[in-house]
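User: Please take a close look at the aromatic cluster in this model. I would like a connected account of the rings that form it and of where they lie in the chain.

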Amino acid sequence: MTVTELPRALLREDLANASGRDVRAAARSGQWRRATHGLARGYVQANMAIVPKRYAFDFMLFCQRNPKPCPVIDVTDPGDPEARFAAPGSDVRVDLPGYRVFRDGKLVAEVSEITNYWRADSVAFLLGCSNSMDDVLIEARIPQRHLESEDGRISVYASNIMCAPAGIFRGPVVVTMRPIPQSRLVDAISITARYPMAHGAPVHVGDPRAIGIEDLSRVGWGKYNELRHDDVPVFWACGVTPQAVAAKARIPEMITHAAGHMFVSDLKLTQLAHGTR
């Protein structure tokens with residue numbers, strides 16, 4: 001079934017097995033305005049950060065120095081909204097369910113498309129996302145607590161781990177937390193380590209206070225997903241990091257995805273295993 005044949009109000013299950021192109025079409029048409037967790041299973045989802053050309057080299061250098069939170073999947077040409085490698089025919093101005101606009105480090109707008117904010121010198125960076133790993137963890141029968149509700153949002157926090165700075169870009173590593181059963185901990189680590197372009201192995205396992213998170217119930221983004229009796233909190237680097245960096249370093253101008261509202265590419269996760277392209 002194609003997106004155009006679906007009813008106006010889409011459910012998560014309608015797009016769970018859709019293609020990346022179908023999810024982008026649903027976002028572009030306004031049929032999907034929620035988090036993309038659990039959609040287009042097997043396809044690579046991407047965080048996004050857009051900066052003017054004058055900051056693009058420094059941001060590329062920042063990503064190169066911080067590959068865990070910011071693994072680069074694709075970079076657009078200045079002024080061109082098409083992600084030519086990750087999704088030919090795409091338009092990053094309208095193909096995400098939600099966007100955030102930052103000015104001088106402050107969030108000034110949350111919008112459903114950014115046509116009016118796009119500049120002739122805008123450069124979009126698509127960065128790997130741990131959403132892409134949902135499917136392989138589910139296939140391994142490792143529970144994903146955030147997908148047990150229709151909401152589908154993961155728990156996201158700013159840590160006290162600092163990124164390596166580059167130019168004006170500096171700030172903390174943002175992390176996602178997934179409750180993982182103790183008995184499956186080694187499996188979760190070894191499986192995710194195969195996919196460095198989706199953040200790879202965790203950056204921390206266990207006590208959240210060791211990375212500056214005092215209260216798991218107080219998320220920075222997303223929602224708190226409770227730990228069950230035998231669960232261990234496991235933390236992966238997160239592509240929301242540029243949003244924290246924009247705030248910390250007071251970046252003059254940056255546009256990002258809204259947390260959880262990803263760009264869904266045409267790439268399959270298997271294409272990016274072990275960092276291959």
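**The aromatic cluster**

Analyst: Phe62 is buried, its relative accessible area being 0%. This value, like the others given here, comes from a predicted model. Phe62 belongs to a cluster in which ring pairs link Phe59, Phe62, Phe125 and Phe169.

The search of the whole structure finds 4 aromatic pairs. One of them joins Phe59 and Phe169 in an edge-to-face arrangement, with 5.1 Å from centre to centre and 65° between the planes. The label follows because planes over 60 degrees apart count as edge-to-face. Phe59 lies in helix 3 (residues 53–65), whereas Phe169 lies in the loop between strand 6 (155–162) and strand 7 (172–181), so this pair ties together parts that are 110 residues apart in sequence.

Phe169 also pairs with Phe62: the ring centres are 6.2 Å apart and the planes stand at 45°, so the pair is tilted. This contact, too, links distant parts of the chain, with Phe62 in helix 3 and Phe169 in the loop between strand 6 and strand 7, 107 residues apart. The distance of 6.2 Å satisfies the pairing criterion, since ring centres must lie within 6.5 Å.

Are the two partners in the edge-to-face pair buried or exposed? Phe59 is buried, at a relative accessible area of 0%. Phe169 likewise counts as buried, with 0% relative accessibility. The term applies because buried means under 20% relative accessible area.

Rings elsewhere in the model have charged side chains over them. The charged end of Arg178 sits over the ring of Trp236, 5.8 Å from the ring centre. Lys268 lies over the face of Tyr43, at 4.9 Å from the centre of that ring.

Two backbone features outside the cluster may be added for context. Ala40, although not a glycine, has a positive phi of about 45°. Ala40 is placed in the loop between helix 2 (20–29) and strand 1 (43–52), and it counts as buried at 0% relative accessibility. Arg250 is another residue other than glycine with a positive phi, near 55°. Arg250 is found in the loop between helix 6 (241–249) and strand 11 (253–257). Unlike Ala40, which is buried, Arg250 is exposed, with a relative accessible area of 64%.

To return to the request, the cluster comprises Phe59, Phe62, Phe125 and Phe169. Within it, Phe169 forms an edge-to-face pair with Phe59 and a tilted pair with Phe62.

How values were computed
Residues are numbered from 1 along each chain as its sequence is written. This is a predicted model: local features need pLDDT of at least 70, side-chain atom pairs count only at pLDDT 80 or more; totals for chains, interfaces and linings use all residues. Side-chain values use heavy atoms; hydrogens and water are left out. Rings of Phe, Tyr and Trp (its six-membered ring) pair if their centres lie within 6.5 Å; planes under 30 degrees apart count as stacked, over 60 as edge-to-face and the rest as tilted. Helices (H or I, at least four residues) and strands (E, at least two) are DSSP runs, numbered from the N terminus. Buried means under 20% relative accessible area, exposed over 50%, partly exposed in between (1.4 Å probe, protein chains only). A charge sits over a ring if NZ of Lys or CZ of Arg is within 6 Å of the ring centre and within 35 degrees of the ring normal.
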